[in-house]
Amino acid sequence: MSEKEQETIKQSEMDPKFKREISEMPGGEKLMRCFQCGTCTSDCPIARYSDTYRPRQIIRMTQLGLRERVLRSDTLWLCAACFTCTDRCPQDVEVANVIRVLRNIAAEEGHMPKVFSEQFTSILESGYAYRIPELRLKKRELLGLPPLPKGNPEGVKTTLERVHLFKQIIKEAQKHE
Ligand code: SF4
Ligand code: SF4
């Protein structure tokens, strides 16, 4: 967690309903089982290379109801969704799913880092997470490489609409234009 996130916790920041909100979402049900052993953090491949990313802390902050700190944290978005933490947790907490639930709420509430909203915009336009420059496509042609497969932006759009994230992502992307 960043310096700001390590500041003293004020009681006024704690939302007692937050843990229930997360525990009622699919994947978040076992949140309160966590007894802070730290296995998730010690086995997390991202925590190994990051000074700030600690899944154990995310779980604890969520239990404590630090809603705004958790949802506004950029580190929430570092999770690679590898599910190692979930596999290793002795309490069967679905850590990766809790993080997914938190990210979905963060996105709905407009706390998505710019890099991800830009990726979404690119996916919606081309089906690719990154815009591939024309020059690179021409180089492929010159080298005799086959054309890249077509993306499926319509399919992505339909999926996002079904999970009610489409409007929010468009709003976020427009904010950064
Ligand atoms: S491994 Fe499970 S019990 Fe241990 S800190 Fe992580 S979530 Fe909590
Ligand atoms: S799912 Fe996320 S938090 Fe869990 S081990 Fe993988 S990168 Fe770390």
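**Cavities and the shell of ligand 2**

Modeller: About 100 Å³ of space lies in the largest cavity of this predicted model.

Biologist: How is such empty space found, and which residues lie closest to the centre of the largest cavity?

Modeller: Rolling a probe the size of a water molecule over the atoms shows where empty space is left. Here 15 residues line the largest cavity, and Cys34, Cys37, Cys40, Cys89 and Val95 are the closest to its centre. Helix H2 (39-43) and helix H4 (55-64) each contribute at least two residues to this lining.

Biologist: How many residues of that lining are nonpolar, polar or charged?

Modeller: The lining of the largest cavity comprises ten nonpolar residues, four polar and one charged.

Biologist: How many cavities of 30 Å³ or more are there, and what is the volume of the second largest cavity?

Modeller: The count is three cavities of 30 Å³ or more. The second largest cavity has a volume of about 80 Å³. Its lining consists of 13 residues, of which Cys44, Tyr53, Cys79, Cys82 and Cys85 are the closest to the centre. That lining divides into twelve nonpolar residues, one polar and no charged.

Biologist: Where does ligand 2 sit, and which residues around ligand 2 are the closest?

Modeller: Ligand 2 sits in the second largest cavity. It is surrounded by 14 residues, the closest being Cys44, Tyr53, Cys79, Cys82 and Cys85. By class, the shell around ligand 2 holds 13 nonpolar residues, one polar and no charged.

Biologist: Which helices each supply at least two residues of the shell around ligand 2?

Modeller: They are helix H3 (45-49), helix H6 (84-88) and helix H7 (95-108). H3 and H6 also each supply at least two residues of the lining of the second largest cavity.

Methods:
Residues are numbered from 1 along each chain as its sequence is written. Chains are lettered from A and ligands numbered from 1 in the order in which they are written. This is a predicted model: local features need pLDDT of at least 70, side-chain atom pairs count only at pLDDT 80 or more; totals for chains, interfaces and linings use all residues. Side-chain values use heavy atoms; hydrogens and water are left out. A residue is near a molecule or strand if one of its heavy atoms lies within 4 Å of it. On a 1 Å grid over the protein atoms alone, a cavity is a set of points where a 1.4 Å probe fits but cannot get out, and a pocket is an open set with protein on both sides within 12 Å along at least five of seven lines; lining residues have an atom within 4 Å of a point. A molecule sits in a cavity or pocket if more than half of its atoms lie within 2 Å of its grid points. Helices (H or I, at least four residues) and strands (E, at least two) are DSSP runs, numbered from the N terminus. Ala, Val, Leu, Ile, Met, Phe, Trp, Tyr, Cys and Pro count as nonpolar, Asp, Glu, Lys and Arg as charged, and the others, Gly among them, as polar. Grid points are joined across faces, edges and corners, and a volume is the space filled by probe spheres set on the points.
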